[in-house]
Amino acid sequence: MSLKKHPVVCILVTVFALYFCAETVQAARVIIKPRVATSWQSDSNFFKAETVEREVYTYLLQPGIDLGFETAKTNLALSYTLNAYYYDDQDTVPAGEKDANDDDYFGHTALFKARHRLFDRLLIGLDESYMKTRDAADSDDLSNSVDRNKYTINRVSPMLFYDFGEKFTAGLRYRNTETNYSEGTNEDSSEHRGIFDLIYNLTRTESLDLEYQHWERSYDKTTSDYTSDQIALIFRKQFQYAMLEVGGGYHERDFDQAGLDTIDTLAYRVALRFQNPPAPDARPKTWLDLSATMNFNDQGLSDSYYTAHRFSLDMGHIFLEKIKVSVGGYYQNSDYERETGLTPGGATEYRDDDTYYASLSVGYMFTDWLTLSLTAGYEERDSNLQGRDYDNESIMAKLEFSHDLGGR
């Protein structure tokens, strides 16, 4: 990311640097946490094909580090992970198809978060994430793609929040997302999004957030550019051990290309997060994360947009202080707006997919910094169109090391 192209980011970085220097004389907490993980995974249908399934082993090495700096007014956090992927075919590669190891690559995951209380009532912040990946889900939370094209995605989001007394808070955020595929394997895109929040604090633990988002997404080839407007009312409640979020609103999307009609939908999100010991403890003994969402997908290459209904679950518990057991999964229905094809019965219909995923993980914590786990998963997509179905069985063994070097 060139800071010359992001003057707002330049200003915020300068402000953070000045206050960082000013606060070094004050009491501060420094976090340094190196970590490394290595895993082996077997997928029975690695490329998620309907007919010709191929078993592939995946070997993954992930060295990384977490850095943090905290004072009474400032919080800085930086996390980086190198993801070294190696693939090995276990079946004969069909004629005309590439070997799995042709997809070997070094990926990157870098996350930066900064918050500073500039004045008693003014909070400024900056978030940035950078990923080099083959996982389509990293480009869209509601992705339904099985493509394995390599790409980079960079999101930058400066923000500020101002408190009008104890009851009202106003927030303004800008987010730029740049998605770039390697070797022209797919269309690059650029998104500019503005987000405004007007928050009414009902009590110390309850709030209502009127949120408006406006964004424009442009593609560099044939996919139509579009403009989206979304408004929602969101209720949040913080309990001792849980956080509840319930929100809903309306989303409208207009396309620049002639002949593409405007699409719209009601949108909602419901989320419940529970953990014991309560937040901000980073290592809960019991946890539950349950959510339900309905909305459009954001990245629609070849004008492929759908209304997604997604239900997700992640829950777990640590038994006998050593045995970590978790269950997870999701269900997503993807109801397409334009894509059509022949159904197994021969009729032409709009595409409609149901995707299921479930996993069970059991881990053993040798120490606070070393864990070995085994995870079994099953994924299935059931589509009304021919050629879109698949199922995949996976099993993964993973060894994780993480050690907090502490600080003052």
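Val 270 has Ala 292 in strand E13 as its bridge partner. The model is predicted. The pair belongs to a wider antiparallel arrangement: strand E12 (residues 263-276) and strand E13 (residues 286-296) are joined by 9 bridges. On to the next strand, E13 pairs with strand E14 (residues 306-319) through 11 bridges, again in the antiparallel sense. Ala 292 also takes part here, standing opposite Phe 311 in E14.

The loop between E12 and E13 contains Pro 277. A cis peptide bond links Asn 276 to Pro 277, with omega about 0 degrees. Asn 276 is also the residue at which the range of E12, residues 263-276, ends.

Two residues that are not glycines have a positive phi. Leu 320 has a phi of about 55 degrees. Leu 320 sits in the loop between E14 and strand E15 (323-342). Its relative accessibility is 73%, so Leu 320 counts as exposed. Lys 48 likewise has a positive phi of about 55 degrees. Lys 48 lies in the loop between strand E1 (29-43) and strand E2 (56-70). Lys 48 is partly exposed because its relative accessible area is 25%, between the cut-offs of 20% and 50%.

Asn 176 is part of strand E7 (residues 168-181). Its relative accessibility is 3%, so Asn 176 is buried. The side chain of Asn 176 makes two contacts of note. One is a polar contact with the side chain of Glu 178, at 3.0 Å. In the other, the Asn 176 side chain reaches the backbone oxygen of Glu 191 at 3.1 Å.

Technical notes. Residues are numbered from 1 along each chain as its sequence is written. This is a predicted model: local features need pLDDT of at least 70, side-chain atom pairs count only at pLDDT 80 or more; totals for chains, interfaces and linings use all residues. Side-chain values use heavy atoms; hydrogens and water are left out. Helices (H or I, at least four residues) and strands (E, at least two) are DSSP runs, numbered from the N terminus. Buried means under 20% relative accessible area, exposed over 50%, partly exposed in between (1.4 Å probe, protein chains only). A polar contact is a pair of N or O atoms within 3.5 Å; within protein, one must be able to donate a hydrogen and the other to accept it, and residues adjacent in sequence count only if both atoms are side-chain atoms. Two strands pair if DSSP finds at least two bridges between them.
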